[in-house]
There are 2 protein chains.
Amino acid sequence: MSSFTPQDELAIATIRTLAVDVVGKANSGHPGAPMGMAPVAHVLFSRFLNANPKNSKWFNRDRFVLSNGCALQYVLLHLLGYKLSLDDLKAFRQLDSKTPGHPEAGHTDGIEVTTGPLGQGFANGVGLAIAQAHLGAVYNKDGFNLINNYTYVFTGDGCLMEGVASEAASLGGHLQLGNLIVIYDDNHISIDGDTAVAFTENVEQRFLAYGWQVLHVSNGDTDLGGIYNAIAEAREEKNKPTIIRLRTTIGYGSKQQGTHGVHGSPLKADDIAALKIRFGFDPEEKFAVPQAAYDLYAEFGKRGATLEAEWNSQLQAYGQKYPNEYAELTRRISGELPTGWEKTLPVYKPTDPAQASRKLSEIVLTAIIPSLPDLMGGSADLTGSNLTKVKSSVDFQPPSTGLGTYAGTYIRYGVREHGMGAIANGLAAYGGIIPFVATFLNFVSYASGAVRLSALSGHQVIWVATHDSIGLGEDGPTHQPIETGIALRATPNLAFWRPADGNETSAAYYVAMTSRKTPSVLSLSRQNLPNLVGSTIEKAIRGGYVLHEEENEDLTIVSTGSEVSIALEAANKLKAEGIKTRIVSLPCWLTFDQQDEEYKLSVLRSGAPILSLEALSTAGWEKYSHEQYGLPAWGASGPYLKVYEKFGITGSNIAVVGKKVVDFYKKKGGEVVSPLIKAFHL
Amino acid sequence: MSSFTPQDELAIATIRTLAVDVVGKANSGHPGAPMGMAPVAHVLFSRFLNANPKNSKWFNRDRFVLSNGCALQYVLLHLLGYKLSLDDLKAFRQLDSKTPGHPEAGHTDGIEVTTGPLGQGFANGVGLAIAQAHLGAVYNKDGFNLINNYTYVFTGDGCLMEGVASEAASLGGHLQLGNLIVIYDDNHISIDGDTAVAFTENVEQRFLAYGWQVLHVSNGDTDLGGIYNAIAEAREEKNKPTIIRLRTTIGYGSKQQGTHGVHGSPLKADDIAALKIRFGFDPEEKFAVPQAAYDLYAEFGKRGATLEAEWNSQLQAYGQKYPNEYAELTRRISGELPTGWEKTLPVYKPTDPAQASRKLSEIVLTAIIPSLPDLMGGSADLTGSNLTKVKSSVDFQPPSTGLGTYAGTYIRYGVREHGMGAIANGLAAYGGIIPFVATFLNFVSYASGAVRLSALSGHQVIWVATHDSIGLGEDGPTHQPIETGIALRATPNLAFWRPADGNETSAAYYVAMTSRKTPSVLSLSRQNLPNLVGSTIEKAIRGGYVLHEEENEDLTIVSTGSEVSIALEAANKLKAEGIKTRIVSLPCWLTFDQQDEEYKLSVLRSGAPILSLEALSTAGWEKYSHEQYGLPAWGASGPYLKVYEKFGITGSNIAVVGKKVVDFYKKKGGEVVSPLIKAFHL
């Protein structure tokens, strides 16, 4: 297997020429990296990588991540026999094709994670490797090495410059992830030209510092044996992740090879012709794939199919011997939740004591985790503040540290929010795991790059985002979110929940857990919140509902989270003045938007003005209200009740504001129409 | 100077006990780090740091950054004689005090940059050091070493785990910033407990990999001579930044020293009493500062005042010999722009050829940079796409690289968006420099943590954010911003500009340049945009204006950037159907919001429905319109005109939508009131 033949050379030349044609036809894309990485891609897939192109979801497949996401991946998927035709390659970067500009998970068969935004794939790889280490530790038994795949990541200079990759690399080293193999395409070129202009650190030494095994192949263009040996050696190291620094020539074979001219633009026609001649291809023919190349990669498919069949037999035998573990593992693989898990969700009465919603979240986690081993989570060094570690949980740690085991479910992420978010995407992408992560709401924005990819890729990641407003008090404006809420709400397929009390917190978890393709951010208070009359899990899971009803109301106040009880207080004060005020709680816009029109219009109905109240920026609230109260700018440092008072978010002041709104609309006259009634919907 | 006396010990004990009292009185904060870092703080300020507490803005002062921002800084500022009284210390974390939870630039005398959000201060430090290296290279002359300060950064484990710090450290090493000295408080404790749970990398080796000098002090608790020698050695290294790993005991002196119990919570009363006795203080007395401590720090103030006086004389002599450089330098220090710079802004006629606004931005930069040496900028490895490097500019590079000089103004940031944003904050904080940075709009979100601190701190940073919508085409959804616009618009004191053509691009730069305390994000197209009839710089600098007027209109379309010309096309089509459509261009919400009420109501007037149009999320547009057209979710990969068509953002479809809006409001009846008319304003 470590000897290479002209057939291998032909396959590599096919990858290179096909990549050139794919980018050339689209007249857009990055030909250089695919051309440079063709040899290592070929060696990896033809000799090592275990996967079945006929079933890209086989659970124990090796995971492959192209962190510098580009056309290389499509070329490989096609040659290897995944559901991607030559016509799909020809439609690269065309509207509604299977081959968008950068690979997207859930969009194209065989793509594990979405890459292109740099650094993400690298960090996803750490998550994929954690998932294997964990599930292997939980389910493997003597004689049943059911979950033992490798994760292979290709990365370029760009990814390694990104902080998100640094964070993940440091944690990956700490966690001693021997199943993770990163191949670094050291081609000395990025968009700005030679990496000498900005990236002169010693990458090998940096990864040694992180505790990685570091290998090196000096000729990645043609030394297939050297590449083979490095990957083989990487696989032998069981207690450290490995990075192989592979010196390649970007755009190998082009007249412009080794320059940034081949990085992000198609090659010129004469260059393509010369390159094809050099590799023994017909310069006139496009998208040529010699049958010998298909034949070689068919072996990959056969190996994968055989491995999967063997694995399935093994799984059945496992089922005989370990029926409980089998049942749980297969359930997790299928993506189903255990029956009845939701019955463990806490339910509250208004007489139950006030608690912070971060504490309510801890109570939920404590209640549901015993029946939901799928939950694997942690915090970016704010465990005691986020309240994410339940007593029963064990740290996910390398056994040698004495601090936990790989079977543990609690991840100590360190102060690495962006890495955490991207690692969680990898955990979700692996399958069988529902990752939760935690930090202050304000610092979710450190991880924006990863959060939007959760949403785009449909990764079910749950953010426990505590200290979610000026209600955190003393830490002050540097820690108080203002714009964070609307940024998350404006992200498609992302559920931003801001529960007002215990039942709403349970509801938020219910929807977050059952939305298997949607990430959720649970925005939770530091301060105590009373349990509200009128809140139930059943109502709250609709995303918005009438918490306090009044017939022929003068005003509706719509609010979320910690401000709902303040709205109720205002309503009581207004009542004393003869102003009837309904209260709507709207903990999740995304979920509310998904309800039927009739329901929505019954909640935010016409007839009286609607005032929104939230201790964040008012931006976006105009969609659900006529008038908006919130923070005009930054928050302030001080005991939280004083900060609320400073900004007028008190029952008394909101009553004053409410009266102003009622008077204004009375004076204005005419019917007050629900803000939901529009000329059209997108 | 390197010998230490009991007076030094007393001063250190004063810092420790004062920090304990400050946090204790607030009943909130982080006592551990100040207690552990008191010795190094004392050695640094009493022996090395040059600054004048009576004039915290003296230009050549050494810059001090407490990256792990906490009460230590307030204690030091008070003892050193800055404008911070004991009463201010007693008001720590109280409403409207000078001592908010974490230090904020612009809020408290002597604070250089805002810290608390971890990793930021470290990266700011790299920016401060770049600023010195640059201005020194430009203005220093033989015998006039006018700008030669050091930048000192204190950092903890938390900051060093953050990717933003990794990015900045890598670039700082590349740039060989010998004037940067970082002191790493290696206390083995973060909020989650021992750093062994998540942070076991070899930090020294990592910084060696980045090209830093690495020093080590094994007893940071009491070895004042060791600390002194390390800082002295760091100052001698002129070609590398230095990190000193200082092993300290967190909460030194407390019963709980060395544990995370002293990290983020006040000490208990008995612990405080015991600690005070240990350090020779009265256990009953709070906020005690022995006169001897004040006396010692008075020497710091004297040294600083003398240095400033000498420097001022030197500056005058410099002015005699180098009047032009003197004039320019003093202008830059004063924060004034050169007279008449704005006359260089390009002006366009509708007949000028269509161009991408990223190209229009390049034309502005090319025009204004010759008269604005203050501009120092670069891109996160997208120079050829962002078009930020003008022909006349030279790379800011260490001379030894042969790639540029320190006098150069173009910074090659590498693929390090977050580091770039935080470094730019440091550049702005230094003074005399207006930093601009660049990436795709979508990847500004990688830097959210730094961007919000620009806005909070009032740092004038200009983001050249190109490829600002689905108009980037082929790269697809991974690169197409959706939520980015509203996230930035909802950030207080941040100007998000989306210019529609040449004149609006010039206007955006005009306002961005003249807003000395406001960061701006210029959202710029990849695709060509026509120059519009009716656009002028004068109108556009109001943030919003009537581009195309109609009397007794049936409809107003309000739009920004690349969609304004599409709105005009729709208006033309509607005209053919007898529907009169006004067009409002609203390139900057923040600037528009700052105009007087009458003007705003004249632009977005009552009488006819207003439809917004933008190729981003519609979130937030309800504030300025009755109906909203935009992207319902993610974009798509394909040639950009096809992508626009897929989402109905074409003249024809918007005409159809516009008609629907007109019909809807006709049917509805009643007066259509401007969305700007509200019951109250925040």
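These legends accompany four close-up views of a predicted model.

**View 1. Phe207(B) and its surroundings in the nonpolar core.** Let's start inside the protein, where the largest nonpolar core has 310 residues. Phe207(B) is among the members that touch the most others, together with Phe122(A), Ile130(A), Phe207(A), Phe122(B) and Ile130(B). Beyond its neighbours within four places in sequence, Phe207(B) contacts Phe122(B), Leu160(B), Ala169(B), Trp212(B), Val214(B) and Ile243(B).

**View 2. A salt bridge along helix α11 of chain A.** Here Glu299(A) pairs with Lys302(A), with 3.3 Å between the closest N and O atoms. The two residues are 3 apart in the helix, so about one helical turn separates them. Glu299(A) is partly exposed at 45% relative accessibility, while Lys302(A) is exposed at 51%.

**View 3. A salt bridge in helix α23 of chain A.** Lys600(A) joins Glu597(A), the closest N and O atoms lying 3.6 Å apart. Again, about one helical turn lies between the partners, because they are 3 residues apart in a helix spanning residues 597–603. Lys600(A) is buried at 11% relative accessibility, and Glu597(A) is partly exposed at 38%.

**View 4. A buried pair, Arg498(B) and Asp468(B).** Their side chains form a salt bridge with an N to O distance of 2.9 Å. Arg498(B) sits in the loop between β13 and α19, and Asp468(B) in the loop between β12 and α18, so the bridge ties together parts 30 residues apart in the sequence of chain B. Relative accessible area is 0% for Arg498(B) and 2% for Asp468(B). Over in chain A, salt bridges with shared partners link Asp468(A), Arg489(A), Arg498(A), Glu563(A) and Glu614(A) into one network.

Definitions and conventions
Residues are numbered from 1 along each chain as its sequence is written. Chains are lettered from A and ligands numbered from 1 in the order in which they are written. This is a predicted model: local features need pLDDT of at least 70, side-chain atom pairs count only at pLDDT 80 or more; totals for chains, interfaces and linings use all residues. Side-chain values use heavy atoms; hydrogens and water are left out. A nonpolar core is a set of buried Ala, Val, Leu, Ile, Met, Phe, Trp, Tyr and Cys residues joined through side-chain atoms within 4.5 Å. Buried means under 20% relative accessible area, exposed over 50%, partly exposed in between (1.4 Å probe, protein chains only). Contact means heavy atoms within 4.5 Å. A salt bridge is a side-chain nitrogen of Lys or Arg within 4 Å of a carboxyl oxygen of Asp or Glu. Helices (H or I, at least four residues) and strands (E, at least two) are DSSP runs, numbered from the N terminus.
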